[in-house]
Amino acid sequence: MYSPLNSHQGSSSSPAMEQLNEVVDQELDIEENPDEMTEDELEIIEEHDNEGGGVGEQKGDGGNEEPAMPFEKKQRKKKSTVWDDMKIVKLDNGIEKVQCNHCKELFAKSTTGATSQHKRHLNACLQKKMAMGEQNRIKQQVLSFTEGPSDGITSITNFSYDHAKVRELASHKVLAHEYAFSMMDHVVFNKFMKAVSPFYKKITRQTVKEDCISTYQLEKRKLKSVLKSASRVSITTDLWKSGQKIQYMVVTGHFVDSDWALQKRVLNFCNVPPPHTGVIIADALSKCFIDWGIENKISSITVDNASYNDACVRRLREDFSLRKRLSIAGKIFHVRCCAHILNLLVQDGLNQLGDVIDTVREGIKYLNNSEGRLNQFAKIAKQLQLPSRKLILDCPTRWNSTYLMLASALDFKDVFPRYEDIDPGFHYVPSDYEWLQVEEVCRFLGIFHEITDMISGSDYPTSNIFLVELYRIKELLNEKALDISDQIRAMALSMSVKFDKYWGETNVLLSLGAIVDPRYKMVLIYHAFPIIYGEEEAAVKIDEIKQLLYELYNEYVDTHFSSLAEEPPRQSVKRKHKEVSSSSAQSQRNVKKLGLPILTGKEKFQMHVSEIDKAPPEKSDLDIYLEESRYACDASANLDVLGWWKGERWRFPILSRMASDLLSIPVTTVASESTFSAGGRVIDDRRASMSVETVQMLLCGSDWIRNLHGIKTKSRVSVLRFLVVICG
């Protein structure tokens, strides 16, 4: 009987050598009998060749080097261990580079064969260490308890400490929660981590910074691949001056992913040196688009009403028009921030009530200057059994904060005169008539406040929900223009002038966005336009919107069929063609050789089907969609419009894609302003010396990691995951 032990007795060669001899014997046997090779033998030969055992081969860059010619000088065999983790690649321009197999970073190829810089990179490469951590696991396992959603133990698994994974999540923690790099050097934090797990190794501030850069580069590559699958990308951008006295420009991309979910990503947070003209900003945006590979996918740019933004968008529209990349001649390319327009509109109205607002504002300032005054004011409010609210001081440039200030002061209108009795220096008490004005203004501005909150979201579509509120604003202004109060009438008239300036013309995006909302369709257009534009002009505006709607749809139809024409024939079709019986094919060839014109029934039917396919359908997807009844739901219900179109994408394949692109366009620049808020937290007094590259890495990386972990608010998700990796 065969025994592995007996097979090696009396032999001086090792089992490994005998296995190699068997491989060589198999090779010789195959050379003598090439027709008798089996699949197993082929696999043995391939494995042996890949290990560099082939005769006459130069073992080098992964076995990809071609064998040297007989009269050429043979290349020196690569002996350095760096080539186990690196390889030589040739770029499109013919230049050879050295690429890391783990992080895919490229390095210059040395003409002398030096590998010192490659060794330094491999020693610091986080992706390599993560790969080694998976291979070099500790043999003695520790039990790890995995908790379920209800904090109950659901499973017990083996745990092994992976320091590379810990470093990766430490970089996620720093980026997502905007921590300073020096946090990792804190003495108590390291003692805490050592108490959590005895395997923990200290991570220095320099190490975590390098890991954050690696995470930023890795997530950027991932995001680039995601953007490749997006059909259109909408942009919001704005400028902001930091505490460093440096002007930054944020560029945010909005798109619908393959799962029909609206996505928002910060693409750039870069320094734009002065002067900030429209041409310079347009050039900076163009470089950003090219860097991300989306220069042919931009559908719209949402900006505020600054003059340089108008010049910037005008320049970009001209560039895109030359490449014929604008839909409906760029009618939806330039989107003005609706929240900014609302702010200008309400500010004009509030200027008509300057005396009353100034009285309330100065009174609150007077009270806030002394803790004793606030305590006395609160004591009087408690005696009157008023709700325990606080006075709010507004920011004069933000009308919504002015609204909140007036609303809070209105709750304490009985406290103001009583406090005046005990404080002779307090001269800021509005009269009863002025309080009535404040009450009327708060009631008037309440709807503006709700609309601003509604359109300020960036996690859901907003282009479809503003028109239904826009006509209500116009209706309210028309009513207040006839109010008995002179101040309210003046306020409404001033706001109406601003309304007509920005929304007096056809609002193409807002109208198209409302039409692709199944709750509104054309019914909202027929209802809202007479209120916004008047009965006479409404008919002309409605026809204009219809024409643009069908023009945009036809562009998507053309794109759809052109993409189908460019697709190569499927392999299965080719196989089916080959499966035609040889006898029938031969008979057809013989008849054609005789010169007889024939047309088989199969060929005639194929011609008939081709004509049917080429003929346009009697009704398009758009016609069918508009003729169907609206989606009925409660007015207070929040319909997931993108989810609805996802379910209808098989019925309306072309229209659903057009709808998703329209719904991805934001009507405000809130996404950019939220990034500026994060920038103010990151660039604090202690970190004001950071380079602009580090600032971009922190702010872009923070946004990407938050999306990676599903963090929408201040959450501890990444911290918890960090601790799970540490201690199991």
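Two strands count as paired here if DSSP finds at least two bridges between them. With that in hand, welcome to a short tour of this predicted model. The stops are strand β9 with its partners, and then an open sheet of 3 strands in the order β1-β2-β3.

**Strand β9 and its partners**

- Strand β9 covers residues 298–303, and 6 of its 6 residues are buried.
- One partner is strand β6 (residues 233–241), which pairs with β9 in the parallel sense over 4 bridges.
- If you would like a landmark for this pairing, look for Ser-234, which stands opposite Ser-300 in β9.
- Strand β10 (residues 334–336) also runs parallel to β9, and 3 bridges join the two.
- Here the residues to look for are Ile-301 and its bridge partner in β10, His-334.
- Between β9 and β10 the chain passes through helix α9 (residues 307–322), making a right-handed β-α-β crossover.

**The β1-β2-β3 sheet**

- In this open sheet, the pairing is antiparallel.
- β1 (86–90) and β3 (106–108) each have a single partner strand, so they stand at the edges with one side left without a neighbour in the sheet.
- Neighbouring strands of the sheet are turned by 40° against each other on average, direction ignored.
- β1 pairs with strand β2 (residues 96–100) over 5 bridges in the antiparallel sense.
- To find this pairing on screen, start from Met-86, whose bridge partner in β2 is Cys-100.

**A helix on the sheet**

- Helix α3 (residues 116–124) packs on this sheet and touches β1, β2 and β3.
- The direction of α3 makes about 155° with that of β3.

Key:
Residues numbered from 1 in each chain as written. Predicted model: local features only at pLDDT ≥ 70, side-chain atom pairs only at ≥ 80, totals over all residues. Heavy atoms only, no water. Buried < 20%, exposed > 50% of the residue type's maximum accessible area, 1.4 Å probe, protein only. Right-handed = clockwise from strand over helix to strand, strands pointing away. Axes fitted to C-alpha atoms, helices over the stretch in contact; angles between N-to-C directions. Contact = heavy atoms within 4.5 Å.
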